[in-house]
Amino acid sequence: MSSIHPDQAEALGLVGKRGQGVERDPETIDGTITDDPTRRVPLVLGNRDFHSVTETICGWVENKTPNWWFPAFAVSNVLAIVGTVMILFLIVTGVGVWGLNNPVSWGWAIVNFVWWVGIGHAGTLISAILCLLKQNWRTSINRFAEAMTIFAVICAGTFPGIHVGRVWFAWFLFPIPNYNWIWPNFRSPLLWDVFAVGTYFTVSLLFWYMGMIPDLATLRDRAIARFNQKVTFGPMWAPHPLPAFVKKLTTVSIPANKIASYFYGVLALGWRFSSRHWWNYEKAYILLAGVAAPLVLSVHSVVSFDFAVSIIPGWHTTIFPPYFVAGAIFSGFAMVLTLLIPARALYPGMKDFVTARTIENMCKIITLTGSMVGFAYIMEFFIAWYGANPYEAEAFMIRAFGPYWWAYWIMMFCNVVSPQVFWFKWCRTNLVFIFIISIIVNIGMWFERLVIVTTLSADFVTSSWGYYSPTWVDILTFVGSIGIFMTLFLLFCRFLPMLAISEVKNVMPQADPHHPMYHKDGHHNGDQHKASDRSEGGH
Amino acid sequence: MSIVFPRWTNAVPGVLVATLGVLGLGVVWATWYYATPDFWQVGYEPDQPVAFSHQIHAGQLGIDCRHCHSNVEQSGHSNIPDTATCMSCHTGAGEAGYLNASLWAVHRGNSDLVRIRAAYASGEPIRWRRIHKIPDYAHFNHAIHVNAGISCYSCHGRMDQQEIARQVHSLSMGWCLDCHRSPEEHVVDVNDPNIRRITNLAAVEKQLANRPAQLATGVELVIQNKLQPPQHCGACHY
């Protein structure tokens, strides 16, 4: 995005250190952890030039599929199929297959919806708000986080869609002129929710895709040069006596570069790396960032209105919108870390881009947002007492000490206590520890939504109080949604550029025309990406 | 930049957008035109087991609808008359059985009436085909509407001109709500000397066609009779 770059001398020193065999320094980890605010740490390590950045990131797509990918994909796929079968089972049988015959009629479906939408908030926060705030460390994780956002919102949108019961009437959610001559209730936050999540998904998808176009063009150009072999489809398995002419007639050979270059060529929309393209790209990027930034705050505010606009004690509170937004960012960052830490370990060279500093920054955001959420939990209790509304007070007492007390205290531990460990540097730099905490935060945020939704179990009419228990269909649908999410994510890792190549290059020292490496960076060395590199360096 | 696609592919996005646009508009138009009760329901005119003519009975002979559909003012369901009602005129029991003796010759050997009499004798009902259907989850109450001054005409049209009974309105929810939102366009005054009977279809048609006059009396009737047609879900879906 911008061409602000780390201080040259400092960056060169630290980057160089890494290259000279200092792989893990206890103080600075990979050379990027420092408490000195005057030092600007490098964002890309490993003495890389532009070409090696392209080679590494494209290599994850172009090289042979890593061995771990297949079992991971198989497991995700099985779970995704289980989830899909559960959804079909629900559609042909009815929503009664969930434990919904109960005052908690929103059930796990809405718990899962809010959880997934919340997770989907990190992508846009990282790509839009951190972009506008010129936080350059975001460039190595934004593509990754945006993809996670898209897939999380897909999982989220599934749940209200199937929760309506008769899914073929799901179009009633939208204000479409119809033969009943009625509109959806425009005063209902459930309708606002449709607009909010729909807008968010559209803008996130556009932002993600638009940002990827130059990288897709890079992959397209490399595909043409790379693959020379042909992919043969035909009866190669056939027994030996098959006549040669039959074999010949039934065998189709397609040059592999055609498949790849067509795939990336269509997606790249004719990108030519021209200056004019870059100029439009930069403008569009900053405009979309501007459009997306308020959405980060609005979407989960509107989701919180689903609860807050009702008159249920425990839901009808003004603190809901900010507390939901904080919780969403909290869970979103946790999910990014959950995915990023294994990916960083599994993909060669990713450590050079996703530095210890980047992960440390994310831990700090988790502590910040976790504290905000904790403050909100305590403030809800305070207001319930201070507001002197006995029903409100009772609702909160039931939350903490009622039938769902265990969910409440799991939530308190996971969301309030666990993120406080990141005050300690050891915790912020130990990847295994961070990974465990990120899982705990994900669990905690799911329980937060469970605690909120099960407020319905103690409604105004005491005779109809009830306890929600999930059925096996509830549980498998939720597990299946994780499978759908992971399937999509693994496909993304395999076939799309996981890091924003052009943006990463922009935050490297060489992007500055005055940098000593600028001229000897191999712009004119016959590398076919010289056009891309030149235009990036040129502004 | 490498060349992947030939030059002619430059036209593809434009052609694609245009094609999808036309297709999309076509789908919207087809849905608007075909996927409606106006297309699928209006004009439903099944062959009945007995060729009863409303045109002869209600039109030529001027028999009041309520002579046969006798419960319409008391019951939510407007009854289909049983064969005993037919037999009040068409007994076939000699000339004395007829109000108008001249009809005896015409109807003695009428095959449909022979079947009606056979059905009456055996107690086996005639299996009429139902024409006006609304879903199970929607309830319509005839008595309330008729007593509030909504003529048969408003829903069934000129039944007195129909040789074979036919559905003339869509009976869609939007069609119901249209009237519930502006009842003054349909409510008629049975005390009006020109109308006199709620079943006077010709007179009601004439009255409703004269829109300014209808609105003037309609608004007055709505106020006078405190007509507040409900628009909430529970009014019909209970």
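The following paragraphs lead through a predicted model of two chains, A and B, from overall confidence to local packing.

Residues are numbered from 1 along each chain as its sequence is written, while chains are lettered from A and ligands numbered from 1 in the order in which they are written. Because the model is predicted, local features need pLDDT of at least 70 and side-chain atom pairs count only at pLDDT 80 or more, whereas totals for chains, interfaces and linings use all residues.

The predictor assigns the complex an ipTM of 0.75 and a pTM of 0.85. In terms of pLDDT (the predictor's confidence in each residue, from 0 to 100), chain A has a mean of 85, with 87% of its residues at 70 or more. Chain B averages 89, and 92% of its residues score at least 70. Helices and strands are taken here as DSSP runs (H or I over at least four residues for helices, E over at least two for strands), numbered from the N terminus. Among the elements of chain A, helix H3 has the highest mean pLDDT, 96, and helix H20 (residues 530–537) the lowest, 41. Two stretches of chain A call for caution. Over residues 1–9 of chain A, pLDDT stays under 50, and the model has 25 contacts for them beyond four places in sequence; two residues are in contact if their C-beta atoms, placed from the backbone, lie within 7 Å. Residues 521–539 of chain A also have pLDDT below 50, with 35 contacts beyond near neighbours in sequence. In chain B, the lowest mean pLDDT among the elements, 63, belongs to helix H6 (residues 102–107), and the highest, 95, to H1(B).

Chain A contains 20 helices and two strands. Of its 539 residues, 43% count as buried; a residue is buried if 20 or more other C-beta atoms lie within 10 Å of its own, exposed if 12 or fewer, and partly exposed in between, with C-beta atoms placed from the backbone. Among contacts in chain A between residues at least 6 apart in sequence, 82% join residues at least 24 apart.

The interior can be described through its nonpolar cores, each a set of buried Ala, Val, Leu, Ile, Met, Phe, Trp, Tyr and Cys residues joined through C-beta atoms within 7 Å. The largest core has 127 residues, and A:Met148, A:Phe333 and A:Val336 have the most contacts inside it. Helix H11 of chain A (residues 320–346) supplies the largest share of this core, 14 residues. Beyond its neighbours within four places in sequence, A:Met148 is in contact with A:Ala122, A:Gly123, A:Met335, A:Val336, A:Leu339 and A:Phe489. A second, separate core of 15 residues includes B:Ala58, B:Met159, B:Leu201 and B:Val204.

Helix H3 of chain A (residues 69–93) has 25 residues that should span 36 Å at 1.5 Å a residue, and its end C-alpha atoms are indeed 36 Å apart; the expected span is 1.5 Å times one less than the number of residues. Its buried residues are A:Ser76, A:Leu79, A:Ala80, A:Gly83, A:Met86, A:Ile87 and A:Leu90. They pack against helices H6 (142–163) and H17 (472–495) of chain A. After H3(A) comes A:Gly94, with a positive phi near 125°.

Elsewhere in chain A, A:Ala217 belongs to helix H7 (residues 189–226). A:Ala217 counts as buried because it has 27 C-beta neighbours inside 10 Å. Leaving aside neighbours within four places in sequence, its contacts are A:Ala268, A:Trp271 and A:Phe273.

In chain B, helix H1 (residues 12–34) has 23 residues and reaches 31 Å from its first C-alpha to its last, close to the expected 33 Å. H1(B) is hardly covered, with a count of zero buried residues. By contrast, helix H11 of chain B (residues 201–209) has B:Leu201, B:Val204 and B:Gln207 buried. These buried residues fall within an arc of 125° seen down the axis of H11(B), so they line one face of the helix; the arc is that of the directions from the helix axis to the C-beta atoms. Their cover includes helices H9 (152–156) and H12 (211–224) of chain B.

Finally, the contact between the chains takes 11 residues from chain B and 12 residues from chain A. Helix H10 of chain B (residues 173–181) contributes four residues, the largest share of the chain B side.
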